[in-house]
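Here is a short round of questions and answers on one chain. Each answer sets a value against its criterion.

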Amino acid sequence: MRAARAVRLSAALLGAGLAAGCAQVLGVNGVEIGDGDGNGSGAGGHGGHVPEDCTNGKDDDGDGKTDCQDSECASYQCLDPAPMGWIGPVLADLASSTPAPCPKAAPSEALVASYGTITATPAQCSTCSCAVDGVVCALPSLLELRAAFCSAVNGSASFAITAANQCLAPPNLSLAVSYQGNPPGQALASKPSCKPSTSMPTTDTPAFASQARLCAPGAVGGGCKPQAVCAPKIGPNGASGAMSACITAPGDMDCPAGPYSVKKLVYGKADDTRNCSACLCGNPVNVKCNGTSTVYSDAACTMVKAAIPHTGACINSSAGSIRLMYAEEPPTGNCSVTPGGGLPMGGVMPADPHTLCCLP
Ligand SMILES: [Ca+2]
Ligand SMILES: [Ca+2]
């Protein structure tokens, strides 16, 4: 029983040794196991064997085969150099939409770019509004009615108001007993318009479906045709498998003649032109200039006798006013929003292309 078990263990270790290129040494271990301890004291079994370093350009184990030529470098591959104007060879995990960071054997990130569908929702546009604009009001006049309340029968005089918000002294103002303020809206000094607001866009961050991360191998060896390098075959995150071997150049290029023939375009950014169209307005309506005149019984415009709105209405007072002040108020009016403005426009397009050309 012991012998049978020993043979089985020996064969297992021998198999492992062959795979590692150390069959000769392990053969000795097999004899040791065969004599009965059964626990395989093979720790020192590699003594004397120099493993092939696949990235140093030397035949380390003396079998006449350097780096990629050596069967110990089965997890390496000869990669052709990048032609003039191209960067590489680099390794890329093009199977994953979110590739892992560059593995230790290819630690340099040569490019991070994006590809695939861009997800971006249309701009959300703020509501449009329209405001009356460009109103210049002419100063009004004040009709003073003398010796008869709200009647011009017994004499009147019109005083042109020459300044707003100033204490004025119309001639013979003290004779008036009633007043009529002319509506200033009848004397617009400009053609008003409707000024649209700006519809402001709210946008999300555009996202490509996939990312490409190009990883440049660290140490590379020889044993390949001239100019080619012996580089690791590694899977994403350093796992077993093989990332795609590629070369890359900025722009949208044709792949050069040679082994790197499978083209893939990736992008450095997305151009976002999402915006909102201009707001549209109708014509202004009911635009009016506004103001009120006040007459005072003192020279400093502090003692109010009467307030006279500039609406055309007649206001009775009494004689004895000596000063007048016209207080100008903001014009009023309406502007309506015309539908069709403030709509989302533009979109998101990939930009800053880079070409990847990979081994089939
Ligand atoms: Ca070597
Ligand atoms: Ca060798």
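Q: Leaving aside neighbours within four places in sequence, which residues is Cys230 in contact with?
A: This is a predicted model. In it, the contacts of Cys230 include Cys54, Cys68, Cys73, Cys78 and Cys224. Thr55, Asp67, Tyr76 and Val220 are also among them, as are Gly221, Gly222 and Gly223.

Q: What makes these pairs contacts?
A: The criterion is C-beta atoms within 7 Å, placed from the backbone. Cys230 and Cys54 are in contact, so their C-beta atoms lie within 7 Å.

Q: Why is Ala92 called buried?
A: Ala92 has 27 C-beta neighbours inside 10 Å. The cut-off for buried is 20 or more. Therefore Ala92 counts as buried.

Q: Where is Ala92, and which residues is Ala92 in contact with beyond four places in sequence?
A: Ala92 sits in strand E2. Its contacts beyond four places are Ala212, Arg213, Leu214, Met243, Ser244, Cys246 and Leu356. Pro236 is 144 residues away from Ala92 along the chain, yet their C-alpha atoms are separated by 8.2 Å.

Q: Which members of the largest nonpolar core touch the most other members?
A: They are Leu91, Ala92, Ala212, Cys230 and Cys246, in a core of 37 residues. Strands E1, E2, E3, E11, E12, E13, E14 and E23 each supply at least two residues. E11 gives the most, with four. Another core lies apart from this one. That core has twelve residues, including Leu145, Ile161, Leu173 and Tyr179.

Q: What makes E7 and E19 edge strands?
A: Each pairs on one side only. The open sheet runs E7-E6-E8-E19, with antiparallel pairing. Strand E7 covers 156-160 and strand E19 covers 314-316. On average, neighbouring strands of this sheet are turned by 25 degrees against each other, direction ignored.

Q: How do you know that E8 and E19 pair?
A: Pairing needs at least two bridges. E8, residues 176-181, and E19 have three bridges, in the antiparallel sense. So the criterion for pairing is met. In one of the bridges, Ser178 has Asn316 of E19 as its partner.

Q: How many helices and strands does the chain have?
A: The chain has two helices and 23 strands.

Q: What share of the chain is buried, and what share of contacts join residues at least 24 apart?
A: Buried residues make up 32% of the 360 residues. Among contacts between residues at least 6 apart in sequence, 79% join residues at least 24 apart.

Methods: Residues are numbered from 1 along each chain as its sequence is written. Chains are lettered from A and ligands numbered from 1 in the order in which they are written. This is a predicted model: local features need pLDDT of at least 70, side-chain atom pairs count only at pLDDT 80 or more; totals for chains, interfaces and linings use all residues. A nonpolar core is a set of buried Ala, Val, Leu, Ile, Met, Phe, Trp, Tyr and Cys residues joined through C-beta atoms within 7 Å. Two residues are in contact if their C-beta atoms, placed from the backbone, lie within 7 Å. Axes are lines fitted to C-alpha atoms, for helices over the stretch in contact, and angles run from 0 to 180 degrees between N-to-C directions.
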